[in-house]
Amino acid sequence: MDEPSPFTGPSSAPPVGIVMGSDSDLPTMEPAVAMIQRFGVGCEVRILSAHRTPLEMVGYGRTAAERGLKVIIAGAGGAAHLPGMVASLTVLPVIGVPVQSKALSGVDSLYSIAQMPAGVPVATVAIGNGANAGLLALQILATADPRLTEQLRQYRDGLRAMVREKDERLQHGT
Ligand code: RP5
């Protein structure tokens with residue numbers, strides 16, 4: 001049997017693709033993976049660099065939809081071109097996660113990801129907020145999945161209950 005091409009990855013994919021520019025981005029991206037898995041949704045995780053492995057990135061982006069991915073989360077820091085470049089290669093929704101950089105605290109990453117030219121959007125979450133990227137990916141999938149919609153409603157109810165409880169404790173000094 002032929003080896004799968006290193007440029008395309010496996011021939012069939014789960015609904016969510018999570019990619020990042022370096023293994024140093026893993027601590028930022030792990031909450032995205034955890035959020036996707038918490039809701040029982042499948043994801044694949046890859047390190048693909050727009051600058052160090054551009055051909056692999058092109059292969060991934062060009063084959064993403066045909067392999068079955070529905071949404072892509074892309075994290076990068078500094079000259080954070082990965083989310084935008086992946087978005088240029090597919091019409092799947094791409095969510096960018098600006099990774100906090102040492103020199104400029106992630107503002108460089110945020111600007112690089114958010115300032116896309118007209119016609120090629122990238123949805124951008126806050127600096128370092130992998131968990132929100134995971135949630136947004138789930139919300140996109142939920143538009144065609146009533147069970148997931150209900151799970152997300154319950155998650156929001158949980159947040160509400162948590163804040164109400166904190167308020168309650170504050171009011172009663174406990
Ligand atoms: C970017 O450069 C990566 O996304 C990472 O955030 C940053 C630094 O990469 P390393 O030098 O740690 O591999 O491409």
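Which residues of helix 4 are buried? The legends below, which describe a predicted model, come to that helix after an overview of the chain and its sheet.

**Figure 1. Overview of the protein chain in the predicted model.** The secondary structure of the protein chain comes to six helices and five strands, and when the sequence is read along its length these elements follow the pattern β-α-β-α-β-α-β-α-β-α-α. The C-alpha trace spans about 65 × 40 × 30 Å along its principal axes. Of the 174 residues, 40% count as buried. Among contacts with a separation of 6 or more, 67% are made by residues that lie 24 or more positions apart in the protein chain.

**Figure 2. The open sheet and the pairing of its strands.** Five strands form this open sheet, in the order 2-1-3-4-5, with parallel pairing. Strand 2 and strand 5 (123-124) are the edge strands, each of them pairing on one side only. Strand 1 (residues 16-20) runs parallel to strand 2 (residues 43-47), to which five bridges join it, and within this pair G17 stands opposite E44 of strand 2. Strand 1 also pairs in the parallel sense with strand 3 (residues 71-77), again over five bridges, and here I18 stands opposite I73 of strand 3. In a regular strand the side chains alternate between the two faces of the sheet.

**Figure 3. Helix 1 and the β-α-β unit to which it belongs.** Strand 1, helix 1 (residues 26-38) and strand 2 together make a β-α-β unit that is right-handed. Helix 1 packs on the sheet, where it touches strand 1, strand 2, strand 3 and strand 4 (94-99), and its direction makes about 175 degrees with that of strand 1. A residue to look for in this view is T28, whose place is in helix 1. T28 is buried, because its relative accessible area is 14%, below the 20% under which a residue counts as buried. Leaving aside neighbours within four places in sequence, T28 is in contact with V97, V99, G128 and G130.

**Figure 4. Helix 4 and its buried face.** Helix 4 (residues 107-114) lies across strand 3, strand 4 and strand 5, and runs at about 160 degrees to strand 4. The buried residues of helix 4, about which the opening question asked, are D108, S109 and I113. Seen down the axis of helix 4, these buried residues fall within an arc of 120 degrees, and therefore they line one face of the helix. What covers them includes strand 3, helix 3 (82-88), strand 4 and strand 5. One of the buried residues, S109, has a relative accessible area of 0%. Not counting residues up to four places away in sequence, S109 touches A76, G77, G78, A80, P98, V99 and S101.

**Figure 5. The salt bridge between E44 and R67.** The structure holds three salt bridges, and in the one shown here the side chains of E44 and R67 meet at 2.8 Å, N to O. The pair links distant parts of the chain, since E44 belongs to strand 2 and R67 to helix 2 (residues 54-67), 23 residues apart. Are the two partners buried or exposed? E44 counts as buried at 9% relative accessibility, and R67 likewise counts as buried at 6%. E44 is also the residue that G17 of strand 1 stands opposite in the sheet. Side chains of opposite charge can pair when their charged atoms come close.

**Figure 6. Salt bridges within helix 6 (residues 146-172).** The side chains of E150 and R153 meet in a salt bridge with an N to O distance of 3.4 Å, and both residues lie in helix 6, three residues apart, which is about one turn of the helix. In another salt bridge the side chains of R169 and E165 meet at 3.0 Å, N to O. R169 and E165 are separated by about one helical turn because they are four residues apart in helix 6. An α-helix has 3.6 residues a turn, so residues three or four places apart point the same way. E150 counts as partly exposed at 35% relative accessibility, R169 counts as partly exposed at 39%, and E165 is partly exposed with a relative accessible area of 47%.

Definitions and conventions
Residues numbered from 1 in each chain as written. Predicted model: local features only at pLDDT ≥ 70, side-chain atom pairs only at ≥ 80, totals over all residues. Heavy atoms only, no water. Pairing = 2+ DSSP bridges. Helix = DSSP H or I, 4+ residues; strand = E, 2+ residues; numbered from the N terminus. Right-handed = clockwise from strand over helix to strand, strands pointing away. Contact = heavy atoms within 4.5 Å. Axes fitted to C-alpha atoms, helices over the stretch in contact; angles between N-to-C directions. Buried < 20%, exposed > 50% of the residue type's maximum accessible area, 1.4 Å probe, protein only. Arc of directions from axis to C-beta. Salt bridge = Lys/Arg side-chain N within 4 Å of Asp/Glu carboxyl O.
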